[in-house]
Amino acid sequence: MLALYMLNRPIRDTQDFLLSNYFAEGLRITFGVLCPSLIMAHYGMLQYGMTLSLGALCVSIVDSPGPIQHRRNAMFVTTALLFLVSIIVGLTNKSDIFIGILLVAFSFIFSMLFLYGARAAAIGTSVLLIMILSIDDVRPWQEVIFYSMLVFIGSIWYTSLSYIIYRLRPYRLAQQTLSDSIHEIADFLRAKAKFYSQNTNYDKNYAELLQLQVDVHQKQDEVREVLFKTREIVRESTPQGRFLLIVFTDTVDLFEQVMSTYYNYKQLHQQFDEVGILSHYEEAINKIADSLDDIAFALKSGGIPTLSDNLENDLAKLRQEISDLEQHKSEQYNTLGIIALRNIEVNIENIVNRIKTINKYFNKKEQRKIKKGDVDVGKFVTSQEINIKLLINNLTFSSSTFRHSIRVAIVMFVGFVVARSLDFDHSYWILLTILVISKPGFSLTKERNYHRIIGTVVGAFIGMGVLHFVHDKNTLFTILIVFMIAGYSFQRKNYVVSVLFMTPYILIIFDFLGMGTMSLARERIYDTLIGSGIAFLASYWLFPNWEHEKLKEAMTEMIKSNQWYFREVTKLYFEKGFDLTNYKLARKEVYVKTSNLASMFQRMFSEPKSKQVYMKEMHQFTVLNHLLSSYIASLSLYIKEHHFVCINYQDIKPIADNTIYLLENSEDNLLKQVSEPSNVPLIRRKNAAGIPLSDTDIVIEEQFDLIQKVSYDIFKLTEKIKI
């Protein structure tokens, strides 16, 4: 069975990639960029065709996944700016002094667009790209206008192509992004399953789990952007749109259930390793992950998902094993341990039932029965308005974006001077390298730097090898198309792989144009190394942005979000009224802040040792907050899914109030930098009525107590951290 799975996995992964948005994007960009050149070359006007292709390539940079109206508007703005900047640069590039001033000014202005989000930043990158490629292209003013018009037409061509493809299949992008988010949940589940394996490495598993939680959040955020901001899905409320919305809603709820399945695994292993029941949990959870992968694949392929083989039988065996353990209770198998096993099994059953429900939605008849949800989806997406006030407020060195923009402007000028000093035919590659490597943070610049160098060097050798052994033009053209598709397909998935394919495809293009290949490959490597070195040194020495500068804000926001989440969950127990939207907003906020904090912690590892502050405490803080949100999720599911009822909630409410008090004080510790450690006690439950506790009461009390203890640990930890 395992051998069959290992054999089928690569096949499924390949099929999944070919149906993904990454590959669709690679095909779209390749067709959009290559088509104008091929058509014009047919009529003997290849030079004009390449200019059209350049316009298409530049505008494709902003065509990242998202609502079609955002993509369309961004491409129109980019088209106008490309036309304007190409004229300005074309009319002034005869003077090195004037073009140097323009380069500095434009580099600063367009780098400040990072303030308005990733798509706005892509607009800036696109415009700077056309500027760099136009610096050495000196022409008479009449040709400059004609050249700019060709860039404009190429941009309009790609914009039209992208819009038409969307209109042909308006739900395709939503299906693909939703599919990717479900794949991430499946991977998260597999990481969870490792905790049930004997001799597992807990620290390594926690680190993997936190990174996967970041990935899940990022994918879910992409789905929210596409689903909740697309008119066809939200307003028109078609069966297909309602289907995608309810599948996403159910998968978010499912992820909450997965998050809640955290227990003291060390104690579970100590109690139950001998009977071998935990390995059966691991097997069942992995099968659930396979079922989720099947749903994700069905979304892309149009198939019907099925439940993993023998999963129902596995659950029945688990129930029987737990019953056997209950009948033979001993000191080794205490009540809380048995209850934990029972709760995990019930939670797994609920996850399986939710998967069955999702599978039913794939039936066309069931899709027609799906009703429009009553949740205000507008509250679950953030909108970034383009306002001048935000820009003005960030024109200060306290702004990381301002420092980044100043750094890019200076580094681009240095690169321009170096490029002018070298006797290279394509020295603009230095500026291109600086442009794509320079990121606001040191760690991101460092990572992009390594990827660029490795991809360029390896890709150059691949390109030289292909051109040395392949001389048939038709074969070379086929290889060129394959490299183009691969390069553009991986540009948002894996940058080093993208550059690895991009470099040989550029060398093959220059070979078609009759330019020397070997010297060109060497020049590209040299230019990349020079540009990488300049950008990397600048990220360290020139107005650097270090992660610890944003540490306090990220930590306080994490505590606030967990506090909000806990307040909303306690309303399920202590209040009759319950606002589902507020609860889901609080849950989403926890995922967002956890993702931000975990990402920051990972980036700090890439920074110099002198900039890595409180790394041990940061790791503890991140893990504790992950545990806290997991425990809170468990508490919510006890009443939402398991329908547990707490009879004497008055006895537990003081514990909840003290938990909130601890979290509030934790936040104050970080903000006020308290020097004297305080003595905040833990609250114990008092059974004032003297009523015997049921198993349900024990579980709920235990969960409230666990949440309080983790909150106390966070409180004591924040007393040690002085940022």
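This is a short walk through the structure above, from the whole fold down to a few residues.

Okay, first thing to keep in mind: what we're looking at is a predicted model. On secondary structure, the program finds 28 helices and zero strands in the protein. There are 723 residues, and 54% of them are buried. As for contacts, take those with a sequence separation of 6 or more: 82% of them join residues 24 or more positions apart. And for anyone thinking about the surface, about 31,800 Å² is exposed, with carbon and sulfur atoms supplying 59% of that area.

Now, cysteines. How many disulfides does a search of the whole structure find? Zero. Just as a reminder, a disulfide is a covalent bond between the sulfur atoms of two cysteines. Two cysteines to point at here: Cys58 sits at 0% relative accessibility, while Cys35 comes in at 18%. The cut-off for buried is under 20%, so Cys35 counts as buried, and Cys58 does too.

Let's zoom in on helix 14, residues 311–327. With 17 residues at 1.5 Å a residue, you'd expect a span of 24 Å, and the end C-alpha atoms are 25 Å apart, so the two agree. Which residues of helix 14 are buried? That would be Leu311, Asp314, Leu315, Leu318, Glu321, Ile322 and Leu325. Look down the axis and those buried residues fall within an arc of 120 degrees, so they line one face of the helix. The spacing makes sense if you recall that an α-helix has 3.6 residues a turn, so residues three or four places apart point the same way. Turn to the face away from the buried side, and you find Lys317 and Gln327, both exposed.

Next stop, helix 18, residues 400–421, where we find Val408. Val408 is buried, at 5% relative accessibility. What does Val408 touch, once you set aside neighbours within four places in sequence? Three serines: Ser107, Ser111 and Ser438. Ser438 is 30 residues from Val408 in sequence, yet their C-alpha atoms are 6.9 Å apart in space.

Last one: Thr659, over in helix 27, residues 649–672. Is Thr659 buried or exposed? Buried, with a relative accessible area of 0%. Leaving out residues up to four places away in sequence, Thr659 is in contact with Phe566, Ile707, Gln708 and Ser711.

That's my tour, so over to you for discussion.

Key. Residues are numbered from 1 along each chain as its sequence is written. This is a predicted model: local features need pLDDT of at least 70, side-chain atom pairs count only at pLDDT 80 or more; totals for chains, interfaces and linings use all residues. Side-chain values use heavy atoms; hydrogens and water are left out. Helices (H or I, at least four residues) and strands (E, at least two) are DSSP runs, numbered from the N terminus. Buried means under 20% relative accessible area, exposed over 50%, partly exposed in between (1.4 Å probe, protein chains only). Contact means heavy atoms within 4.5 Å. Accessible areas come from the Shrake-Rupley method with a 1.4 Å probe; for residues, only the protein chains shown count as cover. A disulfide is a pair of cysteine sulfur atoms within 2.5 Å. The expected span of a helix is 1.5 Å times one less than its number of residues. The arc is that of the directions from the helix axis to the C-beta atoms.
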